[in-house]
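Please open the model in your viewer and keep the sequence panel alongside it. The stops below go from the whole chain to single side chains.

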Amino acid sequence: MLFLASLGIAVLLMVGIGELALRIRYGEASLPNEIGGGYPAHLVMPDEKMGFTLRPGFRGKQLVPAHADVEIRINSQGLRDYERELPPSAEPIIVLGDSFIFGHGVAFQEIWPTLLENKLREKVSQTYVIKGGVFGFGWRQYYQQYQRLAQDFRRHSLVIVGFTVDAGERVA
């Protein structure tokens with residue numbers, strides 16, 4: 001019994017020394033510099049319903065060498081979208097999806113929701129596309145994201161383009 005107690009104390013002591021060495025070497029950061037897809041870790045923040053969400057006000061670039069020049073800006077609503085207040089006459093279209101909608105590796109001006117908005121505004125000036133895509137999202141998060149955005153944009157149309165990895169389905 002004394003042997004097991006001594007062994008337990010020795011293991012705890014070794015883990016503690018290892019933790020101290022890592023903190024000295026790498027600092028106090030509890031998050032990695034990068035999350036999957038070459039996105040900076042501080043681009044996201046925990047969310048009770050969705051697991052994570054985009055951090056409002058984030059400014060940065062992708063960390064993948066092939067996309068290192070791609071700037072990522074998140075507005076105050078937590079969307080990769082313009083910072084704007086829509087007029088009462090606006091006809092918003094909410095677009096939900098994962099990295100294909102978010103625009104992985106693509107400049108904001110070239111993501112398809114932005115291109116869609118530009119085309120639609122040529123014909124109907126009060127049309128706005130709300131870009132609700134978040135990389136890594138699946139159907140559960142689409143639903144939660146929609147619930148959140150529907151409160152902000154009471155009168156809207158909805159488009160969902162999903163490429164879900166978790167269910168192995170592709171819906172367009």
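Begin with a charged pair: select Arg 73, which at 45% relative accessibility counts as partly exposed because its value lies between the 20% and 50% cut-offs. Add Glu 71, which is likewise partly exposed, with a relative accessible area of 37%, and you will find that the two side chains meet in a salt bridge, with 2.9 Å from N to O.

Before going further, step back to the whole chain, bearing in mind that this is a predicted model. Colour by secondary structure, and the chain comes to four helices and eleven strands. Of its 172 residues, 34% count as buried, and the chain exposes about 10700 Å², of which carbon and sulfur atoms supply 61%. If you display contacts between residues with a separation of 6 or more, 58% of them are accounted for by residues 24 or more positions apart.

How many salt bridges does the structure hold? There are five, and the pair of Arg 73 and Glu 71 visited above is one of the salt bridges.

Next, select Arg 84 and Asp 81, which form another salt bridge, their closest N and O atoms being 3.4 Å apart. Arg 84 is partly exposed, with a relative accessible area of 24%, whereas Asp 81, at 8% relative accessibility, counts as buried.

Now select Lys 131 and Glu 117, where a salt bridge brings the closest N and O atoms to 3.3 Å from each other. This pair links distant parts of the chain, since Lys 131 belongs to strand β8 (residues 127-133) and Glu 117 to helix α3 (residues 112-123), with their positions 14 residues apart in the numbering. Are these two partners buried or exposed? Lys 131 is buried, with a relative accessible area of 2%, and Glu 117, also at 2% relative accessibility, counts as buried. Keep Asp 81, Arg 84, Glu 117 and Lys 131 on screen together, as salt bridges that share partners join these four residues into one network.

For the last stop, select helix α4, residues 139-152. The helix has 14 residues and reaches 20 Å from its first C-alpha to its last, close to the 20 Å expected at 1.5 Å a residue. Showing side chains along α4, you can pick out the buried residues Gln 141, Tyr 142, Gln 144, Gln 145, Leu 149 and Ala 150. When judging which way side chains face, recall that an α-helix has 3.6 residues a turn, so residues three or four places apart point the same way.

Definitions and conventions
Residues numbered from 1 in each chain as written. Predicted model: local features only at pLDDT ≥ 70, side-chain atom pairs only at ≥ 80, totals over all residues. Heavy atoms only, no water. Helix = DSSP H or I, 4+ residues; strand = E, 2+ residues; numbered from the N terminus. Expected span 1.5 Å × (residues − 1). Buried < 20%, exposed > 50% of the residue type's maximum accessible area, 1.4 Å probe, protein only. Contact = heavy atoms within 4.5 Å. Areas by Shrake-Rupley, 256 points an atom, 1.4 Å probe, with all protein chains shown as cover.
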